[in-house]
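Take a moment to look at the chain as a whole before turning to its parts. The text below starts from one residue, then moves out to the whole chain, and ends with one helix.

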Amino acid sequence: MDWSDLRIFLAIAREGSLGAAARVLGQTQPTMGRRLKSLEQQVGHVLFQRTQHGFVPTDEGQALLAHAERMEAEALAAMRELSGAETQLSGLLRVSCSDWFGTLLLTPVIAEFSERHPGVTIELLTDPRLYSLPHREADCVMRILPFEDPDVVSKKLLRTQYALYGRAGQWRAAPGGGQGCRLVLMDTAFGNMPDVAWVTRLLPHATVAARSNSREAQARLCALGVGLAVLPRPLGDATPGIEPIDLGEPPPSRDTWLGYHRDMRRQPRLSRFVELVSDRLSDAGRRGARR
């Protein structure tokens with residue numbers, strides 16, 4: 001196989017389309033299509049499924065992807081060593097997490113990583129969708145659900161404490177049973193979250209004023225006096241205009257898990273990023289637990 005064809009294969013797998021991959025490599029889209037077809041003929045397999053969401057690697061494509069990435073890593077390592085720039089990492093890392101987690105906890109780590117490795121571009125994806133690691137929708141995912149895919153390497157990153165918050169000065173304590181209280185909850189798709197069950201159990205007579213799948217939106221609605229909200233402590237404590245309310249029982253805490261595909265274990269930019277995230281956020285978790 002021609003290494004230049006494999007570079008095209010990698011670009012398509014990462015970008016998800018011929019046009020985007022062509023822009024990354026400075027090629028034309030027809031050229032990318034011809035080179036991909038040539039590679040598929042060489043290996044005797046279709047390497048991508050053409051879907052409405054773009055090019056998704058087939059099982060054979062996934063198998064080739066792991067080897068192509070190792071070849072790329074070795075080629076880049078040889079070039080760095082020969083140029084005397086072994087410590088310079090480069091490339092793209094797609095990282096997925098929730099909105100508040102990315103804004104408050106991860107951006108400082110990304111800033112530190114970017115200063116250390118300016119050749120690496122971090123693409124931060126913050127939305128409730130669970131991005132697929134096997135399908136290479138993201139390189140590294142942080143979420144509150146454990147990973148069950150056997151091809152995913154995962155670790156428990158930190159435990160986050162939660163609290164009930166209300167507009168500052170508006171609540172000294174919530175009335176018994178929540179009579180007269182209004183709540184800001186997760187949207188119905190996330191209605192089985194432990195914090196939703198907790199607050200509706202302790203405040204069964206409260207009414208729901210608003211729902212959102214964004215913790216940051218919930219915090220803002222809470223600050224505007226729309227209703228009480230159960231929030232992660234790092235977010236609630238950092239939001240002006242709200243304060244915690246003690247119901248005599250704390251909300252359940254949540255673990256955050258970090259995961260990446262096992263074929264990415266030897267990818268230097270990912271391993272350095274995971275190492276820094278684990279170090280910094282483990283420290284943050286310990287500080288939160290002491291508080």
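**From one residue to the whole chain**

Glutamine 218 is buried, because its relative accessible area is 1%, and the cut-off for buried is under 20%. The model in which this value was computed is a predicted one. Glutamine 218 belongs to helix H7, which covers residues 215–223.

What lies around this side chain? A polar atom of the glutamine 218 side chain is 2.9 Å from the backbone oxygen of serine 212. Serine 212 also appears in the list of residues in contact with glutamine 218, once neighbours within four places in sequence are set aside. The others in that list are Val184, Leu185, Met186, Ala229, Val230 and Leu231.

Now step back to the whole protein chain. It has 291 residues, and 46% of them count as buried. Its secondary structure consists of nine helices and twelve strands. Along the principal axes, the C-alpha atoms fill a box of roughly 70 × 40 × 30 Å.

How are the contacts of the chain spread along the sequence? Taking contacts between residues at least 6 apart in sequence, 74% join residues at least 24 apart.

The surface and the charges can be described in the same way. The accessible surface of the protein chain is about 14,800 Å², and carbon and sulfur atoms account for 50% of it. The chain carries 36 positive and 33 negative charges, and the mean positions of these two groups are 4 Å apart.

The chain is also divided into domains. According to the domain assignment, domain 1 spans 3–83, domain 2 is made of 92–157 + 255–289, and domain 3 spans 162–252. Between the centres of domain 1 and domain 3, taken over C-alpha atoms, the distance is 47 Å.

Finally, turn to helix H2, which runs over residues 18–25. Which residues of H2 are buried? They are Leu18, Gly19, Ala20, Ala21 and Ala22. The buried residues of H2 pack against three elements: helix H1 (3–15), helix H3 (29–43) and strand S2 (54–57).

Both ends of H2 have a detail to look at. At its start, the backbone nitrogen of alanine 20 has a side-chain oxygen of serine 17 within 3.1 Å. Alanine 20 is also one of the buried residues of the helix. Just after H2 comes glycine 26, with a positive phi of about 70 degrees.

Notes. Residues are numbered from 1 along each chain as its sequence is written. This is a predicted model: local features need pLDDT of at least 70, side-chain atom pairs count only at pLDDT 80 or more; totals for chains, interfaces and linings use all residues. Side-chain values use heavy atoms; hydrogens and water are left out. Helices (H or I, at least four residues) and strands (E, at least two) are DSSP runs, numbered from the N terminus. Buried means under 20% relative accessible area, exposed over 50%, partly exposed in between (1.4 Å probe, protein chains only). A polar contact is a pair of N or O atoms within 3.5 Å; within protein, one must be able to donate a hydrogen and the other to accept it, and residues adjacent in sequence count only if both atoms are side-chain atoms. Contact means heavy atoms within 4.5 Å. Accessible areas come from the Shrake-Rupley method with a 1.4 Å probe; for residues, only the protein chains shown count as cover. Lys and Arg count as positive and Asp and Glu as negative; His and the chain ends are not counted. The place of a charge is taken as NZ of Lys, CZ of Arg, CG of Asp or CD of Glu. Domain bounds come from an automatic or database domain assignment.
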